Amino acid sequence: MNSSLAHRQFGEICIICEHQKPKGIHLYTSFICTECENDLIRTDTSDPKYKYFLNKLKKVTTPEIFS
Ligand SMILES: [Zn+2]
């Protein structure tokens, strides 16, 4: 993992939990906090929770152009 991305002083709004978190990763122009990232990684694709994550991520990975 690239830990240099985690060194942020002020925090950003996580697209999953919508809280301001100091640590996380950037996906395109959006921010995912470390907790949600770990949660996402641990969630099985058959888990309903995974769909919840995907819905949130969809906003990031598929801009309006495909609609
Ligand atoms: Zn989060």
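Let's start with Glu 18: at 48% relative accessibility it counts as partly exposed. Keep in mind that this is a predicted model. Glu 18 sits in the loop between S1 and S2, and its phi is near 60 degrees, a positive value in a residue other than glycine. Most residues other than glycine have a negative phi.

What does Glu 18 pair with in a salt bridge? The partner is Lys 56, with the closest N and O atoms 3.0 Å apart. Because Glu 18 lies in the loop between S1 and S2 while Lys 56 is in helix H2, this pair ties together parts that are 38 residues apart in sequence. Lys 56 belongs to helix H2, which covers residues 48-61. Is Lys 56 buried or exposed? Its relative accessibility is 14%, so it counts as buried; the cut-off for that label is under 20%. Apart from neighbours within four places in sequence, Lys 56 is in contact with Ile 15, Ile 16 and Glu 18.

**The salt bridges**

Searching the whole structure turns up three salt bridges. Side chains of opposite charge can pair when their charged atoms come close. Here they are side by side:

| Lys | Acidic partner | N to O distance |
|---|---|---|
| Lys 56 | Glu 18 | 3.0 Å |
| Lys 21 | Glu 35 | 3.0 Å |
| Lys 49 | Asp 39 | 3.1 Å |

Take Lys 21 and Glu 35, which meet in a salt bridge. This pair links distant parts of the chain, with Lys 21 in strand S2 and Glu 35 in helix H1, 14 residues apart. Lys 21 is buried, with a relative accessible area of 19%.

Then there is the salt bridge between Lys 49 and Asp 39. Lys 49 lies in helix H2 and Asp 39 in helix H1, so the two tie together parts that are ten residues apart in sequence. Both ends are partly exposed: Lys 49 at 37% relative accessibility and Asp 39 at 25%.

**The zinc site**

Which residues hold the zinc ion as protein donors? They are Cys 14, Cys 17, Cys 33 and Cys 36, each through SG, lying 2.3 Å from the ion. The donor atoms subtend angles of 101 to 118 degrees around the zinc, which makes the arrangement tetrahedral. Along the chain, the donor residues follow the spacing C-x2-C-x15-C-x2-C. Cys 14 is in the loop between strand S1 (12-13) and strand S2 (20-21) and Cys 36 is in helix H1 (residues 34-42), so that pair ties together parts 22 residues apart in sequence. Cys 14 and Cys 36 are both buried.

Cys 33 has plenty to touch: leaving out residues up to four places away in sequence, its contacts are Cys 14, Cys 17, Lys 21, Lys 23 and Gly 24.

**The hairpin and the core**

Gly 24 stands opposite Cys 33 in S4. Strand S3 (residues 24-27) and strand S4 (residues 30-33) pair in the antiparallel sense over four bridges, forming a hairpin with two residues between them. One of the turn residues is Tyr 28, with a positive phi of about 55 degrees. At 61% relative accessibility, Tyr 28 counts as exposed.

As for the interior, the largest nonpolar core has eleven residues, among them Cys 14, Cys 33, Cys 36, Phe 31, Phe 53 and Leu 57. S4, H1 and H2 are the elements that give two or more residues to this core.

Key
Residues numbered from 1 in each chain as written. Predicted model: local features only at pLDDT ≥ 70, side-chain atom pairs only at ≥ 80, totals over all residues. Heavy atoms only, no water. Buried < 20%, exposed > 50% of the residue type's maximum accessible area, 1.4 Å probe, protein only. Contact = heavy atoms within 4.5 Å. Donors = N, O, S within 2.8 Å, 3.2 Å for Na, K, Ca; no water. Tetrahedral: all angles 85-135°; square planar, octahedral: opposite > 155°, others 65-115°. Pairing = 2+ DSSP bridges. Core = buried A, V, L, I, M, F, W, Y, C linked by side-chain atoms within 4.5 Å. Salt bridge = Lys/Arg side-chain N within 4 Å of Asp/Glu carboxyl O.
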